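Trainee: I would like a close look at one part of this structure, the open sheet, and at how that part sits within the whole. Could you take me through it slowly, step by step?

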Amino acid sequence: VYRVFVIDADGETRELATFKRAAGVGGNWMRTIGGLSSDGNLLCVVHGEHGDILHNAMRVLDADTGAVVADLEDPGRNLESAVWTPDHQVIFTSSLGAYERPAIWDPRSGERRDIAIELPGAVFPVDRFEDGSLLARHEFEAAGQMLRIALDLLDRSPND
């Protein structure tokens, strides 16, 4: 059993969620920060609840109540959260294509956009800059480089 705990402002620890299969907050590797949204309201958990720990799905939870906000799964493929935008979109790694690529998901609307990048090799989202562009790591043939990618975030209604 895998459990997700939170520590409230008063120092109290409480269990937020329980998973029967492998689960973790944010990405699988320490290089990612995609667990807790910047305002602390939402929490992204990668998990193998669908029965496949090699191809994680993502679940966004309300950080106060533990209620499920949304789930995202690409059967037979891996998803890994990387970073939140200020308006509660998750930038994550998707392995839908030939190589890993960044994608953006709005758990509130369910809208998802995979980012097309015309480079050989994998491109992993790492963090965002203040202007909204993405810091990403490009890996190809045992070499790596950092990229800055301009992003058009998903459209928002005026009330969001």
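Mentor: What follows begins with the whole chain, moves to the open sheet and its strands, and then turns to the cores and a few single residues.

Please keep in mind throughout that this is a predicted model. The protein has 13 strands and zero helices, so that, read along the sequence, its pattern is one β after another, written β-β-β-β-β-β-β-β-β-β-β-β-β. Its radius of gyration is 16 Å, close to the 15 Å that the globule rule gives for 160 residues, and therefore the protein is as compact as a globular protein of that length. Along the principal axes, the C-alpha atoms fill a box of roughly 45 × 40 × 25 Å, and 43% of the 160 residues are buried.

Now to the part you asked about. Four strands make up an open sheet, and their order across it is β3-β4-β5-β6, with antiparallel pairing. At the edges stand β3, which covers residues 23-25, and β6, each of which pairs on one side only. If you compare neighbouring strands of this sheet and ignore direction, they are turned by 25° against each other on average.

Let us follow the pairing from strand to strand. Six bridges connect β4 and β5, which pair in the antiparallel sense, and here Leu 43 stands opposite Leu 61 of β5. On the way to the next strand, β5 is joined to β6 by four bridges, again in an antiparallel run, and the bridge partner of Leu 61 in β6 is Val 68. Leu 61 is therefore a useful residue to find on your screen, since Leu 43 stands opposite Leu 61 and Val 68 is its bridge partner in β6. The strands β5 and β6 form a hairpin with five residues between them, and in the turn Gly 66 has a positive phi of about 85°.

The strands of this sheet also lead us to the interior. The largest nonpolar core has 13 residues, and those touching the most other members are Met 58, Val 60, Leu 72, Trp 84, Val 90, Phe 92 and Trp 105. Two or more residues each come from β4 (42-47), β5 (57-62), β6 (68-72), β7 (79-84), β8 (90-94) and β9 (101-105), and β4 gives the most, with three residues. A second core of 11 residues is separate from it and includes Ile 115, Ile 117, Ala 136 and Ile 149. As a general background, nonpolar side chains tend to be buried together in soluble globular proteins.

Two residues in loops deserve a careful comparison. His 88 has a positive phi of about 70° although it is not a glycine, and its place is the loop between β7 and β8. With a relative accessibility of 14%, His 88 counts as buried, because the limit for buried is under 20%. Ala 142, which is not a glycine either, has a positive phi of about 65° and is found in the loop between β12 (134-140) and β13 (143-149). Ala 142 is exposed, with a relative accessible area of 93%.

Last come the aromatic rings. The structure holds zero aromatic pairs, but a charge does sit over one ring: the charged end of Arg 148 is over the ring of Phe 129, 3.7 Å from its centre.

How values were computed: Residues are numbered from 1 along each chain as its sequence is written. This is a predicted model: local features need pLDDT of at least 70, side-chain atom pairs count only at pLDDT 80 or more; totals for chains, interfaces and linings use all residues. Side-chain values use heavy atoms; hydrogens and water are left out. Rings of Phe, Tyr and Trp (its six-membered ring) pair if their centres lie within 6.5 Å; planes under 30 degrees apart count as stacked, over 60 as edge-to-face and the rest as tilted. A charge sits over a ring if NZ of Lys or CZ of Arg is within 6 Å of the ring centre and within 35 degrees of the ring normal. A nonpolar core is a set of buried Ala, Val, Leu, Ile, Met, Phe, Trp, Tyr and Cys residues joined through side-chain atoms within 4.5 Å. Buried means under 20% relative accessible area, exposed over 50%, partly exposed in between (1.4 Å probe, protein chains only). Two strands pair if DSSP finds at least two bridges between them. Axes are lines fitted to C-alpha atoms, for helices over the stretch in contact, and angles run from 0 to 180 degrees between N-to-C directions. The radius of gyration is taken over C-alpha atoms; the globule rule is 2.2 Å times the number of residues to the power 0.38.
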